[in-house]
Amino acid sequence: MEMAFYRIQWSFVRRALAAFNFPQTWINLIMECISFPRFGLLVNGAKAQWINASCGLRQGCPLSPYLFILCSDFLSQLIRNSRHPGLGIKINASASKITHLLFVDDTLLFGTATAGTANEFSNILRSYCAQSGEAINASKSNIIFSHKVQSQAKEAILQVLGYKDVKSFYYLGIKLRPGKVRRAYYDEVLEKMACKLRCWGLRHLSMAGRVTLINSTLSAIPLHVLANSPMPLSIIKKIESLLKNFSGMVA
């Protein structure tokens with residue numbers, strides 16, 4: 001979503017709170033907190049005129065993330081209420097369909113590679129944006145196709161959605177790509193760790209300092225990847241070798 005917090009309409013926030021059956025008194029208090037804020041700017045040391053906001057949630061406000069999540073649930077409802085058979089994919093035959101994943105303003109949609117599915121997703125997104133005030137950031141939106149998708153189907157889908165066809169992209173720090181995960185995928189993790197080691201050096205670090213850096217920084221780099229995808233044993237051994245060499249356990 002493009003400038004997700006700043007675009008959302010206050011009327012839509014009120015509707016979302018009412019849909020979750022919050023008491024009217026509570027809704028009024030929330031709307032008093034987020035509605036009609038004013039912003040002041042200093043231009044060359046002089047105070048400019050007040051700027052009155054007409055929509056949006058404020059970055060840094062403790063309420064904003066919670067309110068945005070409640071509003072984003074409307075998009076989930078639109079997807080769940082759709083009866084189009086092309087929405088969602090199955091990991092295996094006995095698993096339930098996965099139609100979408102949401103993390104704040106990052107949205108991941110899954111579906112069969114047909115123009116009909118693309119049209120359904122496009123209609124759902126347009127409906128959500130029209131009612132909430134949100135807008136799709138097309139420049140940061142991508143599509144990954146399976147290797148089995150024909151070129152004609154790809155062209156039809158790209159024409160409907162207007163996004164870029166890419167081989168891989170990052171979602172929440174994890175690199176997504178079709179097919180099996182190759183060992184080369186983990187080269188970036190090893191390079192990040194090696195880059196840290198080159199910056200730190202060994203000359204001015206005691207053994208205790210090295211162990212502290214390993215526990216606080218180096219060990220944390222591969223953890224996020226390990227929690228989301230299986231890592232080959234050869235890569236784990238390379239990571240262990242880097243840590244041992246840095247700690248001084250291996251000459």
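**Legends for a predicted model**

**View 1. Contacts across the sequence in this predicted model.** Take the contacts between residues at least 6 apart in sequence: 61% of them join residues at least 24 apart. The pieces to look for here are 10 helices and 10 strands, all in one chain.

**View 2. The overall spread of the chain.** Lay the C-alpha trace along its principal axes and you get a span of about 65 × 60 × 40 Å. The radius of gyration is 24 Å, whereas a compact globule of 251 residues would come in near 18 Å.

**View 3. Surface and interior.** What share of the 251 residues is buried? Buried residues account for 31% of them. As for the outside, the chain has an accessible surface of about 16100 Å², and carbon and sulfur atoms own 57% of that.

**View 4. Charged side chains.** Count up the charges and you find 29 positive side chains and 13 negative ones. The centres of these two sets sit 5 Å apart.

**View 5. A close look at S72 in helix α4.** S72 belongs to helix α4, which runs over residues 64-81. Is S72 buried or exposed? S72 counts as buried because its relative accessible area is 9%, and the cut-off for buried is under 20%. Leaving aside residues up to four places away in sequence, S72 touches L102, V104 and Y128. So that's the picture for this serine: a spot in helix α4, a buried position, and contacts with L102, V104 and Y128 once residues up to four places away are set aside.

Technical notes. Residues are numbered from 1 along each chain as its sequence is written. This is a predicted model: local features need pLDDT of at least 70, side-chain atom pairs count only at pLDDT 80 or more; totals for chains, interfaces and linings use all residues. Side-chain values use heavy atoms; hydrogens and water are left out. Helices (H or I, at least four residues) and strands (E, at least two) are DSSP runs, numbered from the N terminus. The radius of gyration is taken over C-alpha atoms; the globule rule is 2.2 Å times the number of residues to the power 0.38. Buried means under 20% relative accessible area, exposed over 50%, partly exposed in between (1.4 Å probe, protein chains only). Contact means heavy atoms within 4.5 Å. Accessible areas come from the Shrake-Rupley method with a 1.4 Å probe; for residues, only the protein chains shown count as cover. Lys and Arg count as positive and Asp and Glu as negative; His and the chain ends are not counted. The place of a charge is taken as NZ of Lys, CZ of Arg, CG of Asp or CD of Glu.
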